Each structure stands twice: as C-alpha cells, then as structure tokens.
Amino acid sequence: MPTTKKVHIITFGCQMNEADSEGIAAAFRRRGYSLTDDLKKADAVVVNTCTVRQRAEDKAISQIGRLRVWKEKHADGKIFVVGCAAQKLGGKNLKGRFPFVDEVVGAKAIESFEDALVAQLGPTPESETAHQNLFRSPQTAYVTIMRGCSLKCSYCIVPAVRGPAVFLSPAAVLKDAADKIAAGAKEIVLLGQTVNSYKHGQTTFAELLKEVLALPGLRRLRFMSPHPLYFDEGFTRLLAAEPRLARYIHLPVQSGSDRILGLMRRGYTRRAYLDLIGRLRAAAPGLAVSTDFIVGYPGETEQDFEDTLALVREGRFSLAYCFKYSPRSDKPEMAATIGEAEMEARLEKLLAAVKENSRLVLNERIGKIEEVLFETQTYGRASGNFAVRVKAGGAPGSTAKVLVTGAAKNTLNGKLI
Ligand code: SF4
C-alpha cells in the first residue's frame, strides 16, 4: 500500500554532500517516502552536515538544536544526522548533546546509511523499484567515484574527517552512471575531492571517463573538483578528442601568491597553474575555467592579495567562488593575522574583480557557437556551463548548437543554427 510518509533533507556543504543526500533521498524513496520542503509535514528529517569551516559546523549544530521543537511535536518522527560534522564530532558526543537525535552516520560510513534506516524503520519493503527519478534536475545526475582525500592542504579538514582517498571500482561507477542515465539523466557529473586523481587497478581517470562516455544515451560528462596536480596527457588527449566532455573545468587555485600557495601546501605554483590551464585551453579552445579563492589566509600580505587579484584577470575565470579564511577551533596556531574589517575589504575587492572579469568572459562568447543542453524549451546550459536562453529552443533533454547573440545578467541569449 502506498505510504504518504515524507522526509525533509537539509544539506550543508559541498557537491559530495549533495550527492550523498541524493543517495539518502533514494534510500527513503525505496521505502515509499517522498521529499518535502516543509519540515512541519515531515515524518523523518536528515541533516547532512559540513565542517569545512567553523561557521559551517556551527550552522549545522544550531540546525540540529532547532529540531528539538520538531521532535516534541512529532514523537514518532526520526532524526538522522550525517556527514562531515557527524564524523568529526562522533555519535556519542552528538547524541549526548542532542538526545532527540535517533541516528548519527559519519561521512566515512555514509554507505552504511541503509543500516541506520533499517535500525529505525525496519527492512526495505520488497516493492522497491530499481529505476526511480533520484535527481533534483532530471537532466543532471551526480556519480561519486571516490571518497576522502590523500592530500594535506593546511586549511582543510576533509582528509581528517573523510580519511585518505578511496576509489570506487570502474564497474561500480559504470553501473551507477548507467542506472542514472536509464532513469533520465542526460548529463553525468563525476564527483570526488580530487576527482582526477582517480586510479583503480590499471584504470586511470581518463580511461574511466572514456568508459563512462561509452554508455549509450549520455549527452555530456562533467566532473568536480579536480586538483591541478593530477591532470595527465591522457586526459588532455581525451579533452581534445571528445566534445561530450564538457568545455568547462572548475579548478580551485585558492591563491595567486606562490608564498601563500606554499603555506597552504597546495603543491603547485601560480606559473604551473597558469601553464596547466593554458594546456587545457589549447586542447579545448573556448574551455571555460572557474575557480575557488581563499582570502586572508594567515600571513597574507597586501602584496600576496594583489597577486590573487591579478590572477583573476590572468586566469580569465568565468566564475570564482571566494571565501574568507575561516580559522578552525581545533587549530589555534592557524588564527587569521588580519582583522575582520580588512578581511571583509579584501573579499569585497576580490568579488568585484571576479564580477567584472565574469562579465568580460561572458561578453567574449557573443558571436560564438555553443552546444546547449536544454532543460526547458527556452533554457539550457552551454557546455562551458553558461546559462543560455533561446526563444525557440529544443526539447528538454536534447542538445543543439546555438549562436550567441547577446549576454545579460550572467546569461547568454542566442538562436538555434
Ligand atoms: S585537495 Fe586539499 S582542499 Fe581539497 S579536499 Fe584534499 S586536502 Fe582538502
């Protein structure tokens, strides 16, 4: 008998957490639950936590605290706390602080979320269907290919909470991707903290990409987030040869100063980063590159910051996510060395430079031809990840070549050719 039960999922943090939440949503759907945005109507709540910055962890903790009232009104309701903060703080600690939480599943054990569900809700009903629409957007599906990270960037807690890199087998990745294509996805996004470090037996990242591209029905393949240290020639050759590999790479650089990059233990210099994106753009002309920056890292001087500002223009980034350095309570020796007002001022300056640069990059697309994957009749995404509006576009899920005729407010306008 169909159940009307509902689950409310709150996700903090990165794409890895988004992907884990999709998996969790799928596990609930197999039990007949539907998703709800309305906490009041929920029979179960999942808080997928993040701890990349102290503020993210604090936000997740106060969110859990607010669920006390919900639990008082929903005595049979179940609360699951999962993800990175759950991993870092531990089940005993969290349940001690929040006794109304039913299950805590850390990021390292996320594959065992099903066990937590069984413990709270009993075994999965037989009626589970294999291909359900698991995704928020029917066009795009996330496929996790690795967990954890084996690098040791000085500001990052991921290796501590998620452990060293562990790669899923090519067979598991292909099955996941094929299932998602069969369920309606046209675009797959392969996910991992250093996604291009993938290596399983003899299978390299480039070979895995080739195998995924060979799946029937796939229109476009993306991945996130790669690390500058891991692109090899096999990848560059594939990028040059395979137009379905998106003409867009999000490649975090974090700083434009070699001194700060060294302190961050990123493993590359500004020159090496610029040379790399130059090689990638030579292989795929028109390749759009976006990035991440951290401002106010301990010891960042005015000159270091100026080097970062200059990199915005030199890198011709289509987009950049800018973050203020966030000191962690567990690393008192890494406190910020500039005050909040200076940190804020640098962030503002960087955001303004990024905005201006993004406008220039968008305008450079006018007169060019973009391949667009349509989400609606009139709206889609270019391979370079630009939003595109087309008056008479294509059927949702189809791709078509579009001549860009204008650009406004982060969006390209165009017409079919
Ligand atoms: S590459 Fe660095 S920033 Fe990224 S997850 Fe690994 S340690 Fe963290």
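Helices and strands here are DSSP runs, numbered from the N terminus. With that in hand, let us walk through this predicted model, starting with the overall layout.

**Domains**

The domain assignment splits the chain into domain 1 (6-121), domain 2 (140-364) and domain 3 (369-416). Between domain 2 and domain 3, the C-alpha centres are 25 Å apart. Where these two domains meet, 12 residues of domain 2 are in contact with 10 residues of domain 3. On the side of domain 2 that touches domain 3, the classes are mixed: 4 nonpolar, 3 polar and 5 charged residues.

**Helix packing**

Two packed helices are described by the angle between their axes and the distance between the axes. Here are three pairs to look at in the structure.

| Helix pair | Angle between axes | Axis distance |
|---|---|---|
| H8 (residues 205-213) and H9 (residues 233-241) | about 30° | 8 Å apart |
| H7 (residues 170-182) and H8 | roughly 35° | within 10 Å |
| H9 and H11 (residues 270-283) | roughly 35° | within 8 Å |

Start with H8 and H9, whose axes make an angle of about 30°. Angles under 35 degrees count as roughly parallel, so H8 is roughly parallel to H9. On the H8 side, the contact uses Phe205, Ala206, Leu209 and Lys210, and these meet Gly234, Phe235 and Leu238 in H9. Sorted by class, this contact holds 5 nonpolar, 1 polar and 1 charged residues.

H8 also packs with H7, and the crossing of H7 and H8 is right-handed. From H7 come Pro170, Val173, Leu174 and Ala177, while H8 brings Leu208, Glu211 and Val212. The contact of H7 with H8 has 6 nonpolar residues, no polar ones and 1 charged.

H9, in turn, crosses H11 at roughly 35°. Thr236, Leu239 and Ala240 of H9 make this contact with Arg279, Leu280 and Ala283 of H11. The residues there divide into 4 nonpolar, 1 polar and 1 charged.

**Around the ligand**

Ten is not a long list to click through, so here are the residues around the ligand: Cys149, Leu151, Lys152, Cys153, Cys156, Val158, Pro159, Gln193, Thr194 and His227. By class, this shell contains 6 nonpolar, 3 polar and 1 charged residues.

**Two backbone details**

Most residues other than glycine have a negative phi, and most peptide bonds are trans. Two spots in this model are worth a look against that background.

The peptide bond joining Met224 and Ser225 is cis, with omega about -15°. Ser225 sits in the loop between strand S12 (220-224) and H9.

The other spot is Arg316, a residue other than glycine whose phi is positive, near 50°. Arg316 is found in the loop between helix H12 (302-315) and strand S15 (319-324).

Technical notes: Residues numbered from 1 in each chain as written. Predicted model: local features only at pLDDT ≥ 70, side-chain atom pairs only at ≥ 80, totals over all residues. Near = placed C-beta within 6 Å. Nonpolar A, V, L, I, M, F, W, Y, C, P; charged D, E, K, R; others polar. Axes fitted to C-alpha atoms, helices over the stretch in contact; angles between N-to-C directions. Helix = DSSP H or I, 4+ residues; strand = E, 2+ residues; numbered from the N terminus. Parallel < 35°, antiparallel > 145°, perpendicular 65-115°, else oblique. Contact = placed C-beta atoms within 7 Å. Left-handed = near helix turned anticlockwise from the far one by under 90°. Domains from an automatic or database assignment.
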